[in-house]
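Hello,

Here is the structure I promised to pass on. Please have a look at it before reading my notes underneath.

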Amino acid sequence: MSLTSPLFFAFLAGVVLAYHLNASVSYRRAVLGLGNAIFIGSYLTDYTQVLPLIAFLLLGYGCVSVLSVWKSSVGLGLGILGVLAYYVFLKRFSFFDDFGHLPFPYLTIGLSYILFRVLHVMVDVHSGDLDERIDPLGFFRYTCNFLCFVSGPIQRYQDFRTADGTAVVELDADKVFQAFARVVAGYAKFVMIAAVAEYAFSFLKPQLFQAGDPSFAKLCILYAVAASLYTVYLYYNFSGYMDIVIGSGTLLGQTLPENFDNPFSASSFLEFWQRWHMTLSQWFKFYLFNPLVMLLMSCFPAPALTAYLGVFAFFVTFLVMGVWHGTTAVFVVYGLLMGAGASINKLWQVACTERLGKKRYKTMSETSGYIYFARGVTIGYFVLALTCLWTPELLDFARLIGRLGPAGVLAAFVGIALAFGSFWWLVDRVAPRLTAPAIFATARDSLVGRNLTLASQIMAIVAVTTLLHKSPDFVYKAF
Amino acid sequence: MDRDKIYAKLTSVFRDVFDEDDLSLMPETTAEDVDGWDSLSHIRLVLAVSKSFGVKFSASEIGGLKNVGEFVELIQKKT
């Protein structure tokens, strides 16, 4: 069921009500487990479609069980390889088409996120960080938590277990209101901003591929605007989804991790990824970047090499993270762009530190001119790299880039960077002057004011959905 | 190992890794407070601490450290 469908509301209300009927841990766990099963079941039209997912979970659980008694690095390596191989097979990566595929349609939604959870549990069980025995149903509740099933967030098992039906959930009027406000804010982002941006984007995108001979300037502007609209769509779609699941989680005593922390205020590519899809980047930091840097530093211990090892490790990590986003060749390009962004960022830091010294570089990076410039460049780069996500076929991607040429891409980049840098400059100038009189704030925070705000948001959502005549979907579901 | 001893030894490891002779550590000291404590020097620090105290850290311990206090507690648990 789509999280924007009325069915989901009914389902969520049912789970929340059932959950609070009884405070017994085993009862609540049964409710959550059943909720997950019903949620997954709603995507199926035939029971065979879920069999590959069940096999994936069984494989993961088997590996975890073996690793909990046989803590061998060889075992862990073999387990990771096995789980990854089966994942790649199920996701039907275009490079491995020759290996064949299952001869029937099956469910792949949520698979990427389950993969991260399974690998994390395997590594942590092997290292002894997770020493408790996870029972099969607990493993199912964790890996297939319906709130995080479609697009994350990737919660750690250690955080999940504290709220796995055991949390004392005391819901008062204020908490429930906060939860609803968060959910409604999520829907507002989702069906108003994201859907409108997508509407405009899908109107402009075909024009980029249309036959004819548009002027260079028109093509560049069209590309820059379309790419920016896609970014707005992606961000509000995904962060709206996060608001919905985090708000809903509160009603079930679950504190799900945040995935966004003002990413567009980042003034470097590396900082951007500390603020964007945070649970994904944190996962990669824990389980790929850190072990890789450790291995490299053990092989090349000279401190002078640290920064360069970092450049390499950032490249590899962001390459893999980029490739994870899709199954076609364009996502390798996306991975390369992410890897290049991260390593160029690190090289820039190294060069500036060497040339200016630590203190002068720090002073320079704190000047407002530098911050606006850096924000513009960061976002310009990210916006253009996202082209890979909206042209998933390599042929289309090559056609578009070929049509624009290096000059066109550069012009779009400069245009976006300038527009974005100026936007922040303007916001920082205007925002401090926009202080509403205290009486407005008091009225807004009063019981009537708060409910009126919420009600008007809901009305606006209904109005926009009616106008757009379509039910939006989660973009990250596809990854 | 005694907490004060851990702090003394850890301070010397920090000074060595971050090349700051007057660096002092408090339980609430975080990466924000130490110049140059980024994701790369964090790994160098962990390696130096592992060597100095003769302990090993797991992936989630390395990634999950929030401040010096947590680091000291972890070392104390392992020594």
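The notes below deal with the domains and one interface between them.

This is a predicted model: local features need pLDDT of at least 70, side-chain atom pairs count only at pLDDT 80 or more, and totals for chains, interfaces and linings use all residues. Residues are numbered from 1 along each chain as its sequence is written, chains are lettered from A and ligands numbered from 1 in the order written, and side-chain values use heavy atoms, without hydrogens and water.

Chain A is split into domain 1 (6-162), domain 2 (173-256 + 435-478) and domain 3 (263-432). These bounds come from an automatic or database domain assignment.

My notes cover domains 1 and 3 of chain A. Their centres, taken over C-alpha atoms, are 31 Å apart. Domain 1 of chain A puts 16 residues into the contact and domain 3 of chain A puts in 14 (heavy atoms within 4.5 Å).

Together the two domains bury about 1200 Å², 70% of it on carbon and sulfur atoms. Buried area is the accessible area (1.4 Å probe) that two parts lose on being put together, summed over both. Phe95(A), Phe116(A) and Ile154(A) supply 40% of what domain 1 of chain A buries here, more than any other three residues.

The rule finds 0 salt bridges across this interface (a side-chain nitrogen of Lys or Arg within 4 Å of a carboxyl oxygen of Asp or Glu).

Best wishes
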